[in-house]
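Hi everyone, thanks for making time this morning. I'd like to walk you through a few spots in a structure, so please have a look at the screen.

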Amino acid sequence: MPPSPTRGAPELIAWYRAHARDLPWRRPEYLARYGAWGVLVSEFMLQQTPVTRVIPHLQAWLARWPDPAALASATGAEVLQQWANLGYPRRALWLHRAAVAIRDQHDGITPRDVASLLALPGIGDYTARAVAVFAFGDRHPVVDTNTRRVIARAVHGRAQPEPPSRRDLDDMLALLPDDRGDAAIVNAAAMELGATVCTARTPDCARCPLLDSCAWRAAGYPESEDRRRRQARYEGSDRQARGGVLRALRHADGHRLPAAEVLADWPDPAQRDRAIDSLIADGLIEAEDGEFLLPR
């Protein structure tokens with residue numbers, strides 16, 4: 001039988017309480033100090049970035065900007081400088097814009113309801129529900145890549161999930177107990193299980209709390225098409241060139257350089273110019289009087 005609120009949730013809750021990693025944003029003192037803002041910042045940083053890389057950046061970020069109003073008063077250059085090498089720097093500017101919206105539209109208080117969270121810049125279904133659940137304890141399904149893989153295997157008997165769809169939220173909602181606290185733990189447990197046990201390439205089924213009810217195991221672990229989008233190689237890519245431009249400006253005096261000095265030794269000038277053009281289009285750098293600079 002596939003997991004259900006009465007078959008699966010108790011096992012997930014017990015497993016999570018015994019085996020969940022000790023991460024800063026899960027600690028009561030973190031939530032007491034930073035509230036929903038701390039959860040929002042952690043969720044922005046954790047998108048496409050490993051936990052081990054996020055933790056030191058998160059601590060430094062919140063030490064500098066412990067609430068939305070503090071971040072809203074920063075410049076774009078300061079935000080990108082602090083973001084450093086976390087990758088996908090547009091997240092930093094979206095987080096900055098979200099902080100401005102929280103300050104100007106919500107009196108500096110991170111909103112609770114999903115609709116208001118979704119209206120903030122840069123926030124999608126996952127982040128909005130994650131804040132509502134993990135900061136406020138509301139009962140909503142929270143679905144990330146790891147959750148989708150657990151559901152694909154335990155519920156649908158597939159080795160890999162289908163492309164993301166609205167059905168993912170319905171599947172997760174069907175697993176949630178009625179109790180809000182238990183529902184929040186089940187959300188977190190499904191993500192944790194996918195991240196540490198039910199992994200994409202080497203699942204450790206012997207350690208899985210859903211072993212006895214897993215549809216994939218019952219079916220004999222059949223293979224299924226892996227339809228996940230593959231990330232392009234970083235070395236030699238436009239992403240690497242973009243990162244090089246931003247790194248040069250972060251370390252330059254005043255966060256600005258003459259145009260001729262930005263990646264002057266890059267082996268592919270056309271790629272460098274393409275990277276610069278795309279950074280300007282994304283609002284991550286500015287051009288002024290023959291120089292490039294981080295946004296003001």
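Let me start with a question: which side chain does Arg242 meet in a salt bridge? The partner is Asp282, with 3.1 Å from N to O. These two come from distant parts of the chain, 40 residues apart. Arg242 sits in helix H13, residues 238-251, while Asp282 belongs to the loop between helix H14 (269-281) and strand E2 (286-288). Before I go on, please keep in mind that this is a predicted model.

How enclosed are the two partners? Arg242 has a relative accessibility of 13%, and because the cut-off for buried is under 20%, Arg242 counts as buried. Asp282 comes out at 23%, so Asp282 is partly exposed.

That pair has plenty of company: a search of the whole structure turns up 20 salt bridges. Another of them joins Glu192 to Arg21, with the closest N and O atoms 2.9 Å apart. Here again distant parts of the chain are linked, as Glu192 is in helix H11 and Arg21 is in the loop between H1 and helix H2 (28-46), 171 residues apart. Glu192 is buried, at 1% relative accessibility, whereas Arg21, at 33%, is partly exposed. As a reminder of the chemistry, side chains of opposite charge can pair when their charged atoms come close.

Some salt bridges also join up. Arg256, Glu286, Glu288, Glu291 and Arg296 are linked in a network of them.

Now, let's stay with H11 for a moment. Helix H11 covers residues 180-196, which makes 17 residues. From first C-alpha to last, H11 reaches 24 Å, close to the 24 Å expected at 1.5 Å a residue. At its start, a side-chain oxygen of Asp179 comes to within 3.0 Å of the backbone nitrogen of Gly181.

Why do we call H11 largely enclosed by the rest of the structure? Because 12 of its 17 residues are buried. Among them are Ala183, Ile185, Val186, Met191 and Leu193, and Asn187 is on that list too. What do the buried residues of H11 pack against? They pack against four helices: H1 (9-19), H8 (125-134), H9 (145-154) and H10.

H10 is my last stop. In this helix, Asp171 forms a salt bridge with Arg167, with 3.7 Å between the closest N and O atoms. Asp171 and Arg167 are four residues apart, about one turn of the helix. An α-helix has 3.6 residues a turn, so residues three or four places apart point the same way. Asp171 is buried, with a relative accessible area of 16%, and Arg167 is partly exposed at 46%.

Also in H10, which runs over residues 167-175, we find Asp168. Is Asp168 buried or exposed? Its relative accessible area is 15%, so Asp168 is buried. Which polar partners does Asp168 have? The side chain of Asp168 makes a polar contact of 3.1 Å with the side chain of Arg148. A polar atom of the Asp168 side chain also lies 3.0 Å from the backbone nitrogen of Ser165. Leaving aside neighbours within four places in sequence, Asp168 is in contact with Val143, Arg148 and Ile151.

That's the tour, folks. I'm happy to go back to any of these spots on the screen.

Methods: Residues are numbered from 1 along each chain as its sequence is written. This is a predicted model: local features need pLDDT of at least 70, side-chain atom pairs count only at pLDDT 80 or more; totals for chains, interfaces and linings use all residues. Side-chain values use heavy atoms; hydrogens and water are left out. Buried means under 20% relative accessible area, exposed over 50%, partly exposed in between (1.4 Å probe, protein chains only). A polar contact is a pair of N or O atoms within 3.5 Å; within protein, one must be able to donate a hydrogen and the other to accept it, and residues adjacent in sequence count only if both atoms are side-chain atoms. Contact means heavy atoms within 4.5 Å. The expected span of a helix is 1.5 Å times one less than its number of residues. A salt bridge is a side-chain nitrogen of Lys or Arg within 4 Å of a carboxyl oxygen of Asp or Glu.
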